[in-house]
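The following exercises concern a ligand site, a sheet and two backbone features. Each task is followed by a solution in steps.

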Amino acid sequence: MNTKLYTLITGSSEGFGKALAIECAKRKMNLILVSLPNSGLTPLAEFIMQTYNVHVIPIEKDLSVEENCVALYKEVEQRKLSVNMLINNVGLGSTMFFKEGTIDFYQKQVKLNVMVTTLLSSLFLEMLKTNQPSHILNVSSLSCFFYLAKKQVYGATKSYVYSFSKSLRAELKSDNINVSVICPGGMNTNPTTIKTNQSNHWLARQSIMNPDKVAVIAIKGLLHQDEIIIPGLMNKLFLLIEKLLPDFMIKMIANSHVNKFQSYNIGNGNHEQQLLSQTSQP
Ligand SMILES: NC(=O)c1ccc[n+]([C@@H]2O[C@H](COP(=O)([O-])OP(=O)(O)OC[C@H]3O[C@@H](n4cnc5c(N)ncnc54)[C@H](OP(=O)(O)O)[C@@H]3O)[C@@H](O)[C@H]2O)c1
């Protein structure tokens, strides 16, 4: 039996997941990294092992397929790996009018953002109970508080993650499992998101953060057992404004710039191509 404890991070070949992996490695946590096949996970695992002297296991799986989530759990079990920290990071973003997306895309978004978070929490629950102290970190988004145009399905999936996390936290308290939820604002994680972040409302642009910085705040908050982690002063200020101003003013500010947001959905070639061709123009 491998007596090491592992932190499992989904969607960790790129973006925020990769930043979380590096932050955990800096804190000497052993890692199980999960991402899509051929996503460069193995070289990343080798880099992290050599640089931070921790054990890293890359597992390539398309988590949007339910059987692959079950297969991931079985592989961890069969290899007798002990997970005491589960980070449900994988997620599909989008910024587009509802009519611009396909049902196939929305299904995948709901699966990855909602179902994978739920399923993996369920599959790993007993293991987390055994390997104390244990934690679950779910990645939501600041957009779960604002009901923004062009974020309808995405925002709703993140509201689910937020609500699920808070309820689960209350339930698992007696099992001594900490559940935290992080709600980042914009992060410059991948080229598509960076372009969209640049087209955001001036106010929203002030809150955009580097994923490495958010990862430091995330892991610190998780180990501190914070219920809700809001990274950055501007994001905290947005939430305060949301509580103080009347609803009609919030809606006016939040959606005033909506037609200028560039539409994108990661994982749908057409929109991504459209966005990239738009942004390559002077
Ligand atoms: N970026 C933001 O502004 C922002 C703001 C708030 C919240 N968030 C949340 O933060 C999380 C990470 O976002 P991000 O911007 O870092 O995303 P990202 O740059 O698109 O990275 C997503 C990661 O998930 C992997 N992945 C995608 N589909 C997968 C699948 N079907 N199975 C397994 N792995 C898969 C990707 O692998 P490949 O490299 O192979 O595609 C990549 O490693 C998401 O939950 C997102 O909603 C992001």
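**Exercise 1.** Determine which polar contacts (pairs of N or O atoms within 3.5 Å) the ligand makes with Ser 13, Tyr 154 and Lys 61.

*Solution.* Step 1: the side chain of Ser 13 places an N or O atom 2.7 Å from an oxygen atom of the ligand. Step 2: an N or O atom in the side chain of Tyr 154 is likewise 2.7 Å from a ligand oxygen atom. Step 3: for Lys 61, a polar backbone atom lies 3.5 Å from a nitrogen atom of the ligand. Step 4: the ligand taken alone exposes 900 Å², of which the protein buries 87%; these accessible areas come from the Shrake-Rupley method with a 1.4 Å probe.

This is a predicted model, in which local features need pLDDT of at least 70, side-chain atom pairs count only at pLDDT 80 or more, and totals for chains, interfaces and linings use all residues. Residues are numbered from 1 along each chain as its sequence is written, and side-chain values use heavy atoms, with hydrogens and water left out.

**Exercise 2.** Describe the shell of residues around the ligand, taking a residue as near if one of its heavy atoms lies within 4 Å.

*Solution.* Step 1: the ligand is surrounded by 29 residues, and Asp 62, Asn 89 and Thr 189 are among the closest. Step 2: the shell comprises 9 nonpolar, 16 polar (Gly is counted here) and 4 charged residues. Step 3: helix H1 (15-26) and helix H5 each contribute at least two residues to the shell; helices are DSSP runs (H or I) of at least four residues, and strands (E) of at least two.

**Exercise 3.** In what order do the strands of the open sheet run?

*Solution.* Step 1: the 7 strands follow the order E3-E2-E1-E4-E6-E7-E8 with parallel pairing, where a pair requires at least two DSSP bridges. Step 2: strand E3 (56-60) and strand E8 (228-229) form the edges, each pairing on one side only. Step 3: strand E2 (residues 30-35) is joined to E3 by 5 bridges, and Leu 33 has Pro 58 in E3 as its bridge partner.

**Exercise 4.** Locate the cis peptide bond and the positive phi value.

*Solution.* Step 1: the bond from Gln 132 to Pro 133 is cis, with omega near -5°. Step 2: Pro 133 belongs to the loop between helix H4 (103-130) and E6. Step 3: Asn 176, a residue other than glycine, has a positive phi near 65°. Step 4: the loop between H5 and E7 holds Asn 176.

Methods:
Near = heavy atom within 4 Å. Polar contact = N/O pair within 3.5 Å; in protein donor to acceptor, adjacent residues only side chain to side chain.
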